[in-house]
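Q: Please take a close look at the salt bridges of this model, with attention to where the partners lie and how accessible they are.

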Amino acid sequence: MTDFTTVPEPECDHTTGCITCGDEAVAMTVLKLDSERGLALCADDGGRRETVEIALVEAAEGDVVMVHAATAIARVEARDLGGRELGPEAIPA
Amino acid sequence: MKFVDEFRDAELGRAVAGEILATVDPGRHYKVMEVCGGHTHSIYKYAIDDLLPENVELVHGPGCPVCVIPMGRVDDGIALAQQEGVIFTCFGDMLRVPGSKGSFLDAKAEGADIRMVYSPLDALRLAKSNPDRQVIFFAIGFETTAPSTALTLMRAKAEGIENFTVMCSHVTIVPPLRALLDSPDLRLDGFIGPGHVCTVVGARPFEFIPADYDKPIVVSGFEPLDVLQSVHMILKQLAEGRSEVENQYKRVVPYEGNLKALEVLGEVFELRPHFEWRGLGFISQSALKLSEAYADFDAEERFEVPGVRVADPKACQCGEVLKGVIKPWECKVFGTACTPERPIGTCMVSPEGACAAYYNYGRFSQDREAV
């Protein structure tokens, strides 16, 4: 059974930034959903795991969500994935 | 990681920089404001301004939630933290913001039980595990962070947690932008829009910038290619004589925002009639307080709060930095009396603050900017 109750040790390195203080969100992959409690276990690029409030977005396991202050505020849409699609007007083929 | 690596591609970055060079009019000076502190941080971290032509100047805006908190508000928080039986919680950067008689860290050293949390949810967990103590969460942040506080309050209410309250200092981004645009000492050509605020509120609230002030705004992501492409889109609008809201960050930001989040905000919060911003003074309807339905969770209702007002330190020019009138290094105390280790002004505290970002990453390019 997935443990959704773990509280990570807070750490804040002011030279690299405390993500919760700024207008910053981190892309995280949804590993496990607990829809009943509105929570999800997510992992970031470096493998750090966090329990996240998921009530504000429609997401499935495997989706990438933007997480800010332990709350998913958006699901990243695949349609803009890829350098060329990033901005065909701006980026020469 | 997908959605991240693609936006750090150096070759594509150079290609966009070339497009920017081809778009600018060499005889014109461009001043573009990045509203959000997260962009300031990215710009310095990835040296994005080194890829721009010399006549394109990026100016830092008021979008660092730590930097805009006035000293009196910190003093009020410390007064709450020093009350008997209280566990006071806040985000990491807030701990180091100076009040008139010291910071939260100083108060902690003197014995107050002040703890750093990653999220309001962590503060609620503390309340549940310490039922004999009052846990207060000092909530800061723009519309990006407010939904997290709102969800936590809804959870606390649903679970009947009685020893959890919030000292709400959430602010909204549109009123200070309007105040900046009305400021007579400011000349800007366009705006890099705050991507993660827009994730919640959408791009629509920024339509007043082209409509009322005839200036372009491009909602932008935070990776280096995002910022470069947004600068290009702004310059292109200017070259074509257009002023519009454009959305570069479509992979995350829906034009209408996150409707569920807006609904949650509407239930838990209401607008304050006015709120004091560091360096900008009082701005009408620019901050949030808890709604009537959540008044029981409002620390300012449940506890005695002094309501301190303190003038900014005279040597500190955070206000002018926040308005983009001066560069961080033009402040009299930058890098000497005011450093990230011993900040005088709030802009030096958070890494998203223009002065700290400049101190950590950008100060070596000062000579180039001074040319």
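A: The answer below treats the salt bridges, beginning with those between chains. This is a predicted model, in which local features need pLDDT of at least 70 and side-chain atom pairs count only at pLDDT 80 or more, while totals for chains, interfaces and linings use all residues. Side-chain values use heavy atoms, with hydrogens and water left out.

A salt bridge is a side-chain nitrogen of Lys or Arg within 4 Å of a carboxyl oxygen of Asp or Glu; by this rule there are 24 salt bridges over all chains. One of them pairs the side chains of B:R155 and A:E53, at 2.8 Å from N to O. B:R155 belongs to helix α6 (residues 146-159) of chain B and A:E53 to strand β3 (residues 49-53) of chain A, so this pair joins two chains. Helices (H or I, at least four residues) and strands (E, at least two) are DSSP runs, numbered from the N terminus. Both B:R155 and A:E53 are buried, where buried means under 20% relative accessible area, exposed over 50%, and partly exposed in between (1.4 Å probe, protein chains only).

A salt bridge also links A:E58 and B:K260, at 3.0 Å from N to O. Because A:E58 lies in the loop between β3 and β4 (64-68) of chain A and B:K260 in helix α11 (residues 259-268) of chain B, this pair too joins two chains. A:E58 is exposed, at 57% relative accessibility, and B:K260 is partly exposed, at 34%.

Within chain B, B:R187 and B:D189 form a salt bridge whose closest N and O atoms are 3.4 Å apart. B:R187 is partly exposed at 44% relative accessibility, whereas B:D189 is buried at 8%. Finally, a network of salt bridges links B:K236, B:E240, B:R242, B:E244 and B:E246.

Definitions and conventions. Residues are numbered from 1 along each chain as its sequence is written. Chains are lettered from A and ligands numbered from 1 in the order in which they are written.
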